[in-house]
Amino acid sequence: GALLLLLLAALSFVSLAFLVQARARLADRGHAQLAAYGEVVRAGCGGVAASCVEVLVLLYAFGACWGYLVLLADVLTPLLNPLLDSLLHASLSNFAARTVIMAACTVICALLCLLRRISALRYSSALAVLAVLFLVVMLVNDSIRSPCRVGACADETGLEGWCTRAQLVEDDARALKRCDGTTDGVQAWPQDSSNLFRSLPLIAFALQCHIQGASVYSEMPERVRTPRVWTSVAFAAIAIVFCLYMPTGLAGYAKFGVQTQGDILTNFNVKDSLADLARGCIATAALCAFPMQHYPGRIIIHKIFLTVSKSPAGTEMSMRFIVVEALAFCLAVLALSVSAGDSLSAIFQLVGAICGGTVIFSVPGVLAMRTAESRLTRGVGLLLLLVGGFIAVAGSYVTLVQMGA
């Protein structure tokens, strides 16, 4: 898993650099209006390809925001459920508490989605990074102080991450569900290829910052808006993500073994003060990430609105449109989150498989192949295309089979 994350992070950096390099080449050839991911694809690959990619970007934005709203419910429900019971003088069911919390978070997300420019989200993005950093430090500290050992790898909810055969027999005899049915425990290499394929879309989702790339580049100060500077920015962005996710994954697995959950905070008891503080930090990160994922979707929705209303292309968004779109988008995400399931890892897997592999790897690869003169660049572009296609096919298949089971 660690090696796979390192490999995909390196390819993600390359594809992010290729994306803006392709944008620069297309701008030099006279193409204007390249401030969005879809516009770059339209200039480089034509209208049909751009329309298909814009559908994927819109699905990605919607699915990512769905996942973040579910994450908010996951981390805040254990903290706020007692408070809600006290305020309402009644005991709410888990479903009712999650619904109330998601509705409250939707209001905050909708307000953040009213910001007109993506650069206005830079402070919230920095806050999100600091919030995740706290979780990383907490997990690394816990994994060093009490690492998972054979027969002694229980999390705070009673699950055993590295069971002995005696524990498996006891589980069967007493109808307990502490173990996962194996004695695998902490292993250096994956024991099941399906788990490896399932991790591909999750990693793709984690490394995605490409659909915002063209917009961020367009809003950079003109004095630094060059492909060379962007390459440094892309490297820094992917490096930060890698340095946050790698220790999180390693420390979580070293701490909880095979019972490490998709939302690792569910391995901790709600009475753990540090874990509760980490839940608050992750909630802050999710609230800050929601508008960042929504922004590319709003650009596409505005384009559809201009087409339907027969308004001139390039018409600036009105504040009225921004408000109505933010409310409609956030309410639709809330409705889906309440009605369509709340398996966080499955949501991120499906979104990462169907959309992530394509927009992160395949599309920048095709753009490099169509715009670059260097044979090496075109060859790497072909590699990105194949990697993205493999993630989309293998990741989607394994995720859908898992969800069906």
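Is Cys355 buried or exposed in this protein? Cys355 is buried, with a relative accessible area of 2%. The legends below come back to this residue and visit several others, all in a predicted model.

**Figure 1. The whole protein is built from helices, 13 of them, with 0 strands.** Follow the sequence from start to end and you read α-α-α-α-α-α-α-α-α-α-α-α-α. The radius of gyration is 22 Å, close to the 22 Å that the globule rule gives for 405 residues, so the protein is as compact as a globular protein of that length. Want a feel for the dimensions? Along the principal axes, the C-alpha atoms fill a box of roughly 70 × 55 × 40 Å. Of the 405 residues, 46% count as buried. Take the contacts between residues at least 6 apart in sequence: 75% of them join residues at least 24 apart.

**Figure 2. The outside of the protein has an accessible surface of about 19300 Å².** Carbon and sulfur atoms account for 66% of that surface. As for charge, there are 28 positive and 24 negative side chains. The centres of these two sets sit 11 Å apart.

**Figure 3. The largest nonpolar core brings together 89 residues.** The residues with the most contacts inside this core are Leu8, Tyr37, Tyr68, Leu72, Leu265, Phe290 and Phe361. Helix 3 (residues 47-88) gives the largest share of the core, 17 residues. There's also a second, separate core of 6 residues, which includes Tyr217, Met220, Trp230 and Ala234.

**Figure 4. Phe361 is one of the residues with the most contacts inside the largest core.** Which residues does Phe361 touch, not counting those up to four places away in sequence? Leu8, Leu11, Ser12 and Ser15 are among them. So are Leu384, Leu385, Val387, Gly388 and Ile391, and Gly356 belongs to the list too.

**Figure 5. Leu19 sits in helix 1 (residues 2-28).** With a relative accessible area of 2%, Leu19 is buried. Setting aside residues up to four places away in sequence, Leu19 touches Tyr37, Val40, His210 and Leu367. Now look across to Glu219: it is 200 residues from Leu19 in sequence, but the two are 16 Å apart in space, C-alpha to C-alpha.

**Figure 6. Helix 2 (residues 37-45) has several buried residues.** They are Tyr37, Gly38, Val40, Val41, Ala43 and Gly44. Two names here should ring a bell, as Tyr37 and Val40 are both touched by Leu19. Just after helix 2 comes Gly46, which takes a positive phi of about 100°.

**Figure 7. Thr77 and Asp74 are two buried residues of helix 3.** Thr77 has a relative accessible area of 5%, and Asp74 has one of 17%. Why does Asp74 count as buried? Its 17% falls under the 20% cut-off, so Asp74 is counted as buried. Leaving out residues up to four places away in sequence, Thr77 touches Leu72, Asn94, Ala97, Arg98 and Ile101. Ser91 is 14 residues from Thr77 along the chain, and their C-alpha atoms are separated by 13 Å. For Asp74, try finding Thr266: these two are 192 residues apart in sequence and 8.1 Å apart in space, C-alpha to C-alpha.

**Figure 8. Lys310 lies in the loop between helix 10 (273-308) and helix 11 (319-339).** Is this residue buried or exposed? At 76% relative accessibility, Lys310 counts as exposed. Check its backbone as well: Lys310 has a positive phi of about 55° although it is not a glycine. For background, most residues other than glycine have a negative phi.

**Figure 9. Cys355, the residue we opened with, belongs to helix 12 (residues 344-371).** Remember that Cys355 is buried, at 2% relative accessible area. Beyond its neighbours within four places in sequence, Cys355 is in contact with Leu56, Leu59 and Tyr60. How far apart in space are Cys355 and Ala61, C-alpha to C-alpha? They are 9.5 Å apart, and 294 residues apart in sequence.

Notes
Residues numbered from 1 in each chain as written. Predicted model: local features only at pLDDT ≥ 70, side-chain atom pairs only at ≥ 80, totals over all residues. Heavy atoms only, no water. Helix = DSSP H or I, 4+ residues; strand = E, 2+ residues; numbered from the N terminus. Rg over C-alpha atoms; globule rule 2.2 N^0.38 Å. Buried < 20%, exposed > 50% of the residue type's maximum accessible area, 1.4 Å probe, protein only. Contact = heavy atoms within 4.5 Å. Areas by Shrake-Rupley, 256 points an atom, 1.4 Å probe, with all protein chains shown as cover. Lys, Arg positive; Asp, Glu negative; His and termini not counted. Charge placed at Lys NZ, Arg CZ, Asp CG, Glu CD. Core = buried A, V, L, I, M, F, W, Y, C linked by side-chain atoms within 4.5 Å.
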